[in-house]
Amino acid sequence: MAFGLNQVWWTETLCAATAIVAALLPLAVQAEGIDTEHIFGFMIGSDVGTVGEREFQSVTTGRFAKDSGTYRAMSQQLEAEFVPMQDFRVEVGTTFMAHDIAGVPGLDDRRQLSWQGLSVDLRYRFLDRETAPFGMTLAMETHADRVDETTAAVVRSYGTEFTAAFDREVIPNVAVAALNLSYEPEWTRVPATGSAEQDSTIGAALGLMVQVRPGILLGGEARYLRKYDGIGLDAFAGQALFIGPTAYFQLSESSRLTAAWGIQAWGQRPGSNATLDLVNFERHQARLVFGVNF
C-alpha cells in the first residue's frame, strides 16, 4: 500500500510541476517548427528524420502496481536509429529487464535482473504534413524475447506491433495533435512446461503537445488498450484506459529528453466488477527517453 501511495504522490507532483511550468513560461508565438518523431512518450509521431541521420536512444520504462502485493517491472532499452533513405527509418535495439514481484496473485515471487531480447523497428512515412493535410506513418516493430515482460518467467516469445500514426499541427508551430492505432499479436512458449499460448492487443491513443518555448513541449496522452486471447482477437481478456502528462525538452542541438506518465483511469475484465484491470495491465506506467545524434 505504501508503494502505491508513493506512486500516486509522484504522479500528482509531476502533474503539478508540469502545470506550474506551463503557467510560468510564455507561449511561443514565434516558435520553431515542431518535429513529432520523438516528442511523445508512449506514442509515436509521423516524422521519421532526415536522410543520413543517426541517433542513439535510451528508453527506460517502468510499470508499477497490480491488484495486490508488490509489483515493479523496469525495462531498459538501448536503440540505434538510422535513416537510410527518404521517409524510411530503421531502428535496432536490445532490452534488459528488472523485476520485483511479491505476493501478486497468479505470479511467482521474483527479484531478478535479466537480458530480455532484441527488437527491430521499421517506419515509413506515406504522408508529410508539409505537403498533405496531415502526416501518416506506418510502423512495424518486431521483437524476440527470452524473458516475459510481465511475469519475468523464462520464455520464447515473438511478437510484432503494427502502428498507424497520424498527426497534424492544430496551431501551426505551436500545438500538434496525434492519433495512433495499433495491433500487436504475440506467440509465447514456456520451455520449462512446454506450454504455448497466443494473445493480441489492439489500441487507440490520442496525444496533444504544445510548444511553450522553442524546444520545450508540454501536453498529455490518452491510451485505450484491449487484450485478447489468440492472435485473431478470439476471446476478450481485458481493457484499460491510461491518461497522463508528457513533457519534451530539446537539451541541445544533438540531445533530447522525453518524460511521460500514464495512470490507469479505468479498466475492466470479464467476470469482475472492478473498475480497473490490474491483471492484464498495471496501475502506473512511466517512461523516460534520452536521445542523442551522432
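**Figure 1. Arg125 and its partners across strands β4 and β5.** In this predicted model, Arg125 stands opposite Thr137 in β5. The two strands concerned are β4, which covers residues 110–127, and β5, which covers residues 135–147, and they pair in the antiparallel sense over 10 bridges. The side chain of Arg125 also meets that of Asp128 in a salt bridge, with N and O 3.6 Å apart. Because its relative accessible area is 10%, which is under 20%, Arg125 counts as buried, whereas Asp128, at 24% relative accessibility, counts as partly exposed. This pair belongs to a wider network, in which salt bridges that share partners join Asp47, Asp87, Arg125, Asp128, Arg129, Asp167 and Glu169.

**Figure 2. Two further salt bridges between charged side chains.** A search of the whole structure finds 18 salt bridges, and two of them are described in this view. The side chains of Asp121 and Arg123 meet in a salt bridge, at 3.3 Å from N to O. Are these two residues buried or exposed? Asp121 counts as buried because its relative accessibility is 4%, and Arg123 likewise counts as buried because its relative accessibility is 8%. The other salt bridge is formed by Arg89 with Glu81, whose closest N and O atoms are 3.5 Å apart; Arg89 is buried, and Glu81 is buried as well.

**Figure 3. The barrel of twelve strands.** The secondary structure of the protein chain comes to 1 helix and 12 strands, and, when the elements are followed from the N terminus, the helix is followed by the strands. How do the strands come together, and in which order? The 12 strands close into a barrel in the order β1-β2-β3-β4-β5-β6-β7-β8-β9-β10-β11-β12, and the pairing is antiparallel. Neighbouring strands of this sheet are turned by 20° against each other on average, direction ignored. In general, strands of a sheet pair through backbone hydrogen bonds, and this pairing is either parallel or antiparallel. Of the 294 residues of the protein chain, 45% count as buried. Among the contacts in the protein chain with a separation of 6 or more, 58% are accounted for by residues 24 or more positions apart.

**Figure 4. Two hairpins, from β5 through β6 to β7.** Strand β5 pairs with strand β6, which covers residues 154–171, in the antiparallel sense over 12 bridges, and within this pairing Ala144 stands opposite Tyr158 in β6. The hairpin formed by β5 and β6 has 6 residues between the strands, and Ala152, which lies in the turn, has a positive phi of about 70°. Strand β6 is joined in turn to β7 by 13 bridges, and these two strands run antiparallel; here Ile171 stands opposite Ala175 in β7. The hairpin of β6 and β7 has 3 residues between the strands, and Asn173 takes a positive phi near 65°.

**Figure 5. The largest nonpolar core and another core apart from it.** Which residues make up the largest nonpolar core? There are 10 residues in all, namely Ile34, Ile39, Phe40, Met43, Val176, Ala178, Ala205, Met209, Leu217 and Tyr248. The elements that give two or more residues to this core are β7, residues 175–190, and β8, residues 195–213. Leu217, one of the core residues, touches Ile34, Ile39, Met209, Val210, Gln211, Thr246, Ala247 and Tyr248, if residues up to four places away in sequence are not counted. Apart from the largest core lies another core, of 7 residues, including Ala73, Met97, Ile101 and Ala152.

**Figure 6. Ser200 in strand β8.** Ser200 has its place in strand β8, and it counts as buried because its relative accessibility is 0%. The side chain of Ser200 reaches the backbone oxygen of Gly230 at 2.7 Å. Leaving aside neighbours within four places in sequence, Ser200 is in contact with Tyr183, Glu184, Pro185, Arg226, Lys227, Tyr228, Gly230, Ile231 and Leu233.

**Figure 7. Gln239 in strand β10.** Gln239 is found in strand β10, which covers residues 235–250, and because its relative accessible area is 6%, Gln239 is buried. Its side chain makes a polar contact with the side chain of Arg226, at 3.1 Å. Not counting residues up to four places away in sequence, Gln239 touches Tyr224, Leu225, Arg226, Trp266, Gly267, Gln268, Asp277 and Phe281.

Notes. Residues are numbered from 1 along each chain as its sequence is written. This is a predicted model: local features need pLDDT of at least 70, side-chain atom pairs count only at pLDDT 80 or more; totals for chains, interfaces and linings use all residues. Side-chain values use heavy atoms; hydrogens and water are left out. A salt bridge is a side-chain nitrogen of Lys or Arg within 4 Å of a carboxyl oxygen of Asp or Glu. Buried means under 20% relative accessible area, exposed over 50%, partly exposed in between (1.4 Å probe, protein chains only). Helices (H or I, at least four residues) and strands (E, at least two) are DSSP runs, numbered from the N terminus. A polar contact is a pair of N or O atoms within 3.5 Å; within protein, one must be able to donate a hydrogen and the other to accept it, and residues adjacent in sequence count only if both atoms are side-chain atoms. Contact means heavy atoms within 4.5 Å. Two strands pair if DSSP finds at least two bridges between them. Axes are lines fitted to C-alpha atoms, for helices over the stretch in contact, and angles run from 0 to 180 degrees between N-to-C directions. A nonpolar core is a set of buried Ala, Val, Leu, Ile, Met, Phe, Trp, Tyr and Cys residues joined through side-chain atoms within 4.5 Å.
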